[in-house]
Amino acid sequence: MTSDRIHTPRECDEFQQQLPGLFDSEHGLQQHAHLRTCKNCSSLVRDLEYIAAQAKLLLPIHDPSPAVWNNIQTVLSRQAKDGNKSS
Amino acid sequence: MTKNTLRTAEKIPSPTPSQPLTAEARPVHQQQRRNPPIAGELAAIALAQQGDGASFEVLYNMHKRRVYSLCLRMLGNVAEAEDLTQEAFLQLHRKIATFRGDSAFSTWLHRMAVNVVLMHLRKKGLPLVSLEETLEPSQEDGPRKDFGTRDLTLSGSIDRITLEQAVEELPPGYRMVFVLHDVEGYEHNEIAEMLQCSIGNSKSQLHKARMRLRILLRQKADGKVDA
């Protein structure tokens with residue numbers, strides 16, 4: 001929960017400039033003093049965490065066309081023939 | 001793969017000689033969540049290592065979707081993604097005998113596919129991490145105050161297709177780091193090694209990618225509301 005307090009743009013700027021490093025911090029972003037009192041930055045952090053969480057759920061959904069396997073087979077057959085000739 | 005400890009000391013075979021792998025620090029449970037074991041995979045690997053073509057085809061069918069999706073997300077181009085999927089599996093065929101099972105097979109294969117894509121982009125002369133994006137963030141990528149805006153959080157408003165579309169719209173440098181970290185689960189130290197940039201740069205690019213996505217997703221959510 002955040003308690004309402006008006007933060008200066010500079011305070012928010014300073015906090016947001018630290019964000020790339022804070023996301024990986026072991027001490028927990030949510031414990032940061034600025035977040036406890038800034039509604040805007042809390043909302044931003046919540047969104048960024050949500051995006052990261054949703055990205056982890058993206059499944060591989062695309063299949064290559066059958067031509068890809070056909071091409072692989074062609075190359076492997078050619079390599080096998082070349083190998084037989086040289087041996 | 002029943003160990004449940006940090007694999008800090010283990011090495012996995014290098015997929016490409018030019019990109020030697022360092023020890024991985026990702027927990028096995030994390031890798032298994034992203035790369036769960038597939039029934040029949042071990043037997044197919046063993047036979048393919050002995051040159052059995054049918055077993056190699058089995059492995060292709062098990063992993064083609066994941067490898068192709070990875071290539072497509074990184075490149076944003078179907079033709080290139082198919083070419084590099086082909087190249088990744090041809091490389092797999094050449095190197096499968098060196099797979100020792102120290103890591104999950106899919107982890108090993110996907111790292112190989114990532115390296116194939118990165119080598120391709122280097123050959124094309126494209127910067128893997130855009131300096132412009134890194135050093136001169138545009139207004140929308142920089143810190144935002146959001147003062148006076150309505151209280152709209154994204155939570156619950158994103159569906160998979162919308163997120164996929166937004167990721168496609170990211171600039172290549174942002175997309176690369178976002179896909180590697182948030183979608184594929186690589187750590188910043190691994191990404192920094194792969195992209196030959198600093199860890200700080202990787203973190204910065206990821207943050208900017210998420211910030212850009214937030215804007216794109218809000219725009220898409222607004223479009224849905226307006227429609």
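This passage looks at chain B, its two domains and its contact with chain A. The model is predicted, so local features need pLDDT of at least 70 and side-chain atom pairs count only at pLDDT 80 or more, while totals for chains, interfaces and linings use all residues. Residues are numbered from 1 along each chain as its sequence is written, with chains lettered from A and ligands numbered from 1 in the order in which they are written.

The predictor puts the complex at an ipTM of 0.80 and a pTM of 0.75. For chain B, the mean pLDDT (the predictor's confidence in each residue, from 0 to 100) comes out at 78, with 70% of residues at 70 or more. Among the elements of chain B (DSSP runs numbered from the N terminus: helices, H or I, of at least four residues, and strands, E, of at least two), helix α4 (residues 78-95) has the highest mean pLDDT, 97, and helix α6 (residues 131-135) the lowest, 44.

As for domains, whose bounds come from an automatic or database domain assignment, chain B is split into domain 1 (28-123) and domain 2 (131-226). Where they meet, 9 residues of domain 1 face 8 of domain 2, contact meaning C-beta atoms, placed from the backbone, within 7 Å.

Turning to the partner chain, chain B and chain A put 34 residues each into their contact. On the chain B side, α3, α4, α7 (160-168), α8 (172-183) and α10 (199-226) each supply at least two residues, and α3(B) gives the largest share, 7 residues.

Notes
Contact = placed C-beta atoms within 7 Å.
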